[in-house]
Amino acid sequence: MLEAKKILRKAEDSVEISPDEALILLKITGKDFTALQQTADQICFEKKNNLVSFIINRNINFTNVCYQGCKFCSFSVSNKNKDSFLKTIEEIREDVTEAKNAECTEVCIQGGINPELDFDYYLEILKIVKEIDSNIHTHAFSPQEVFYMSKLYGSSIYDVLKELKKAGLDSMPGTAAEILVDDIRKVICPNKITTSQWIDVIKSAHELGIPTTSTMMYGHIEDLKDRIEHLEILRNIQKETSGFTEFVPLPFVKENPLLSKLTDFPLKPSYGMADLKLFAVARIFLNNYIDNIQCSWVKLGPKFAQVSLYYGVNDFSGTLMEENISKSAGAEFGEYLAPEEMISIIKAAGKKPVQRDTLYKLLKFY
Ligand code: SF4
């Protein structure tokens, strides 16, 4: 397709591509697919000098009790469920100490929207981390959680974020984004914050100097246009704030009975060209705005994640240690990948591994 070639040439010349052009790229097949791969890989190579980064971190999920009822979620349960949990501050202290002993530079803390919690609990979590080691970076609380806290605290999003920052919040995961198209959100997560509320939390965080990641959960009922609309929202925010550290495409993991009823889409974990196209298009579309594209080895599996390193991806995410959310949703791939394993996967791909911190400062080359 001549058109695809023209668009790729624009991208190679570092010219911003439009949403319509990105959509054309998401649809290409055949030899144009190879050309797309080469362009994304070349842009990534020039930006990152063949380096692939990873972080030594630990996830802490403090509760799985949640009543938001997102249709895709297999993590949340009611507080009556025998598998429900809510960690005490003492248990969180142990988790953070374990992270420190494992030389984690970051703890990533998220949980369900549990009505038993009060705002002080969230603040306590943040204070505990800094008490144990003020050098550990606290990457915590999704925009959904921050929105909930603003109700608990009876104050604005901005003021809640200010309190969280004061208590030790260093950065936030840009989760709860799913697909930032309200018609889709109404079906898959009707009780979650709307697109504009998500944008409001993220922009407020950036304004306060709290960087965030950006994510997209794809591969359910959305179409390709929705994916591009989502990417465009992220690019526009970044033009304004420069507060995103990375973009993480997250494939929907497993056939889920609730969501299956709403669609004929085959909701099965199967990864292939469509995923690789999305990674490559994200690299091209976000070029010069969001420099880091991360693969989720937990969801994709380490081998497919390794392949993604040739499609514009330059970050292998974290070692993790505890990852309940994807695991509950059916991801087969573990809860821990040792740094040595990551290093060997990256090297086997012909790339240069480097340990980084949350804000992409490079710490150690291998
Ligand atoms: S995705 Fe998050 S907010 Fe939605 S039900 Fe699950 S835990 Fe609750």
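## Helix α6 and its surroundings

Gly-154, which comes just after α6, takes a positive phi of about 65°. This is a predicted model, and the helix that ends ahead of this glycine is a good place to start reading it. Helix α6 covers residues 143–153. Its buried residues are Pro-143, Gln-144, Glu-145, Val-146, Phe-147, Tyr-148 and Met-149.

What lies over these buried positions? The cover on the buried residues of α6 includes strand β3 together with α5 (119–132), α7 (157–167) and α9 (195–207). One of the buried residues, Gln-144, will come up again, since Gln-144 is also among the residues that surround the ligand.

## Around the ligand

Which residues surround the ligand? Part of the shell comes from the stretch of chain that includes Cys-66, Gln-68, Gly-69, Cys-70, Cys-73, Phe-75 and Ser-76. Gly-112, Ile-113, Gln-144 and Cys-189 belong to the shell as well.

By residue class, the shell holds six nonpolar and five polar residues, and no charged ones.

## The parallel sheet β2-β3-β4

An open sheet of three strands runs in the order β2-β3-β4, with parallel pairing. Its edges are β2 (57–61) and β4 (137–140), each of which pairs on one side only. From one strand to the next, the twist averages 20°.

Strand β3 takes in residues 106–110, and five bridges join β2 to β3 in the parallel sense. To find this pairing in the structure, look for Ile-60, which stands opposite Ile-109 in β3. β3 is also one of the elements that cover the buried residues of α6.

## A β-α-β unit

Further along the chain, β5, helix α10 (residues 224–241) and β6 make a β-α-β unit, and this unit is right-handed. Its two strands pair directly: β5 (residues 212–218) and β6 run parallel and share six bridges. Within this pairing, Met-216 has Pro-249 of β6 as its bridge partner.

How many residues of β6 are buried? Strand β6 spans residues 244–251, and eight of its eight residues are buried.

## β1, β8 and β9

Strand β8 (residues 352–356) has pairings with two strands worth a look. Four bridges join β1 (residues 51–55) to β8, and these two run parallel. Here Val-52 stands opposite Pro-353 in β8. Strand β9 (residues 362–365) is joined to β8 by three bridges, this time in the antiparallel sense. Two facing pairs mark that contact: Val-354 lies opposite Phe-365 in β9, and Arg-356 stands opposite Leu-362 in β9.

The hairpin formed by β8 and β9 has five residues between its strands, and Tyr-360 in the turn has a positive phi of about 70°. Is β8 enclosed or open to the outside? It is largely enclosed by the rest of the structure, because four of its five residues are buried.

## Positive phi away from glycine

Most residues other than glycine have a negative phi. Glu-103 is therefore worth a second look, since its phi is near 60°, a positive value in a residue other than glycine, and since it counts as exposed, with 10 C-beta neighbours inside 10 Å. Glu-103 sits in the loop between α4 (89–101) and β3.

Asn-288 also has a positive phi, near 75°. Its loop runs between α12 (273–285) and α13 (297–300). Is Asn-288 exposed or buried? Asn-288 falls in between and is partly exposed, because 13 other C-beta atoms lie within 10 Å.

## Leu-36 in helix α3

Leu-36 belongs to helix α3, which covers residues 30–48. This leucine counts as buried because 26 other C-beta atoms lie within 10 Å. Which residues does Leu-36 touch? Leaving aside residues up to four places away in sequence, Leu-36 touches Leu-8, Leu-25, Ile-28, Lys-277 and Ala-280.

For a sense of scale, compare the position of Leu-36 with that of Ile-132. The two residues are 96 places apart along the chain, and their C-alpha atoms are separated by 47 Å.

Notes:
Residues are numbered from 1 along each chain as its sequence is written. This is a predicted model: local features need pLDDT of at least 70, side-chain atom pairs count only at pLDDT 80 or more; totals for chains, interfaces and linings use all residues. A residue is near a molecule or strand if its C-beta atom, placed from the backbone, lies within 6 Å of it. Ala, Val, Leu, Ile, Met, Phe, Trp, Tyr, Cys and Pro count as nonpolar, Asp, Glu, Lys and Arg as charged, and the others, Gly among them, as polar. Two strands pair if DSSP finds at least two bridges between them. Axes are lines fitted to C-alpha atoms, for helices over the stretch in contact, and angles run from 0 to 180 degrees between N-to-C directions. A residue is buried if 20 or more other C-beta atoms lie within 10 Å of its own, exposed if 12 or fewer, and partly exposed in between; C-beta atoms are placed from the backbone. A crossover is right-handed if, with the strands pointing away from the viewer, the path from the first strand over the helix to the second runs clockwise. Two residues are in contact if their C-beta atoms, placed from the backbone, lie within 7 Å.
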